[in-house]
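Visitor: I'd like to learn how to read a model like this one, feature by feature. Could we put it up and start?

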Amino acid sequence: MDREQVLFFDTTLRDGEQSPGCSMYMAEKLRMARQLESLGVDVIEAGFAVASDGDFAAVEQIARSVRGPRIASLARAKDEDITTAARALEHAERSRIHIFLASSDIHLQYKLKISRQQALDQAGESVRLARAYMDDVEFSPEDATRTDPEFLCAMVQAAVDAGATVINLPDTVGYTVPNEYAEIFRRLREKVRGIENVMLSCHCHDDLGMAVANSLAAIQAGARQVECTINGIGERAGNAALEEIAAAIYVRQDQLSYRHGLKLEQIYATSQMLTQIISFKPSPNKAIVGSNAFSHEAGIHQHGVLSNPLCYEIMTPALVGVPANRMVLGKHSGRHALGHRLGELGLVLNREELDVAYGRFIEIADRKKAVYDQDLIALVHGYVRQVPNLEVSGVTSASPQS
Ligand code: KIV
Ligand code: ZN
């Protein structure tokens, strides 16, 4: 059976960039956009053109120079935002205006101070204006997951009737759970006239740690575009992480039988580039791109991975462009892993030597959080020097190299 395609809409440069510690200079945004092109994303949300001169310039530059992905600019449902976005996108090979307007009562009442009817009118008018500039217009009812379901359908209907080509349902505050989010998509597909002619899209935040699970549930309920960011950066707890969604689709083809255009082997390079640009790295235990994501310290795990990586790895590091799996030696490591690492360092020990070295190693590992190559080299060399009768094959007693 032919697998359906899921489009990746990357908002690292917009939703990601608007979170603390993540702001980027224009040249950095351009560099990231080129890397996102190499990664193979379908849409790059390059910024929010009306927000500042810098944002306008970044959207414009990316629109001029990046080919392949569609370039989008965010806009509120206001004339000035829409005309500014259209201007910034003028030179794009393929462009999209992404309009958002709050739909939940709490946002309408306290933030926008407008009635539901005013919001419906504004949704329709703004989409119509954007369609006068281009034929690809996305509409997002902000805070969709806390919106009265009947009213959500009415607002989406207004946007579809006005010519929206993509309907995105943002879980703006990371509030929903997978079943509920899927149900919202199913309901829209049932109730909104003409919805079969538009692309449905999901956009999840991670306040309850469910952004990726919710995105996958939406895809299973009919969303064919997923909005996400590299390393999951974004407002508050972040957005759904692109690399996690892509890896889940790869690893669980049996459950998630979709295709996409990403080059998975570019994931790590993209993550690393972002890390160098912004002011923090992913936490070590972050799935796919964290420094521990393919590391093994426990002895049983190390032994298993050395025998067959599939024992403790559901994908190879190479799949996502991570150089190699890393054996971190610590107090939980076994003789097997120590011998293997020493071998890689050119220190080939016989069984008796390895037993003694292992005893020393455990003493050190008990005192240190991790044992590095330099420690191992020093341990073997020190040991040779201190026990001259025991020869360690392939090891000279020259001083350790750092
Ligand atoms: O989270 C959100 O609601 C958004 C919209 C602007 C799409 O980022
Ligand atoms: Zn968002």
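Visitor: In which sense do strand 3 and strand 4 pair, and over how many bridges?

Guide: First the ground rules. This is a predicted model, so local features need pLDDT of at least 70 and side-chain atom pairs count only at pLDDT 80 or more, while totals for chains, interfaces and linings use all residues. Residues are numbered from 1 along each chain as its sequence is written, chains are lettered from A and ligands numbered from 1 in the order in which they are written, and side-chain values use heavy atoms, with hydrogens and water left out.

Guide: Now the strands. Helices (H or I, at least four residues) and strands (E, at least two) are DSSP runs, numbered from the N terminus, and two strands pair if DSSP finds at least two bridges between them. Here, strand 3 (residues 43-47) and strand 4 (residues 70-76) are parallel, with four bridges. Among the partners, I44 sits opposite I71 and G47 opposite S73.

Visitor: What joins strand 3 to strand 2?

Guide: Two bridges do, and strand 2 (residues 7-10) runs parallel to strand 3. One to look up is D10, whose bridge partner is I44.

Visitor: How many residues of strand 3 and of strand 4 are buried?

Guide: Buried means under 20% relative accessible area and exposed means over 50%, with partly exposed in between (1.4 Å probe, protein chains only). By that yardstick, five of five residues in strand 3 are buried, and six of seven in strand 4.

Visitor: And what about the protein overall? How many helices and strands does it have?

Guide: Count 15 helices and 12 strands. Buried residues come to 53% of the 402 in the protein, and the C-alpha trace spans about 90 × 45 × 40 Å along its principal axes.

Visitor: On to the metal. Which residues coordinate the zinc ion (ligand 2)?

Guide: To read a site, look for donors: N, O and S atoms within 2.8 Å of the metal (3.2 Å for Na, K and Ca); water is not among the atoms, so sites may look incomplete. For this zinc ion the donors are D15 (OD), H203 (NE2) and H205 (NE2), at 2.0 to 2.1 Å. Their spacing in sequence is D-x187-H-x1-H. The site links distant parts of the chain, since D15 is in helix 1 (residues 12-16) and H203 is in strand 8 (residues 199-204), 188 residues apart.

Visitor: Why do D15 and H203 count as buried?

Guide: D15 counts as buried because its relative accessibility is 3%, and H203 does so because its relative accessible area is 4%. The two side chains also share a polar contact of 2.9 Å. A polar contact is a pair of N or O atoms within 3.5 Å; within protein, one must be able to donate a hydrogen and the other to accept it, and residues adjacent in sequence count only if both atoms are side-chain atoms.

Visitor: Which residues surround ligand 1?

Guide: For a shell, a residue is near a molecule if one of its heavy atoms lies within 4 Å of it. Around ligand 1 you'll find R14, D15, H98, F100, S140, E142, P170, T172, H203 and H205. The shell splits into two nonpolar, five polar and three charged residues (Ala, Val, Leu, Ile, Met, Phe, Trp, Tyr, Cys and Pro count as nonpolar, Asp, Glu, Lys and Arg as charged, and the others, Gly among them, as polar).

Visitor: Which side chains have an N or O atom at 3.1 Å, 2.7 Å and 3.0 Å from an oxygen atom of ligand 1?

Guide: D15 does at 3.1 Å, T172 at 2.7 Å and H205 at 3.0 Å. Of the 260 Å² of accessible area that ligand 1 has on its own, the protein covers 95% (Shrake-Rupley method, 1.4 Å probe; for residues, only the protein chains shown count as cover). Helix 1, strand 5 (95-102) and strand 6 (137-142) each give two or more residues to the shell.

Visitor: One last residue: is Q225 buried or exposed?

Guide: Buried, because its relative accessibility is 0%. Q225 belongs to strand 9 (residues 225-228), and its side chain makes a polar contact of 2.9 Å with that of R96.
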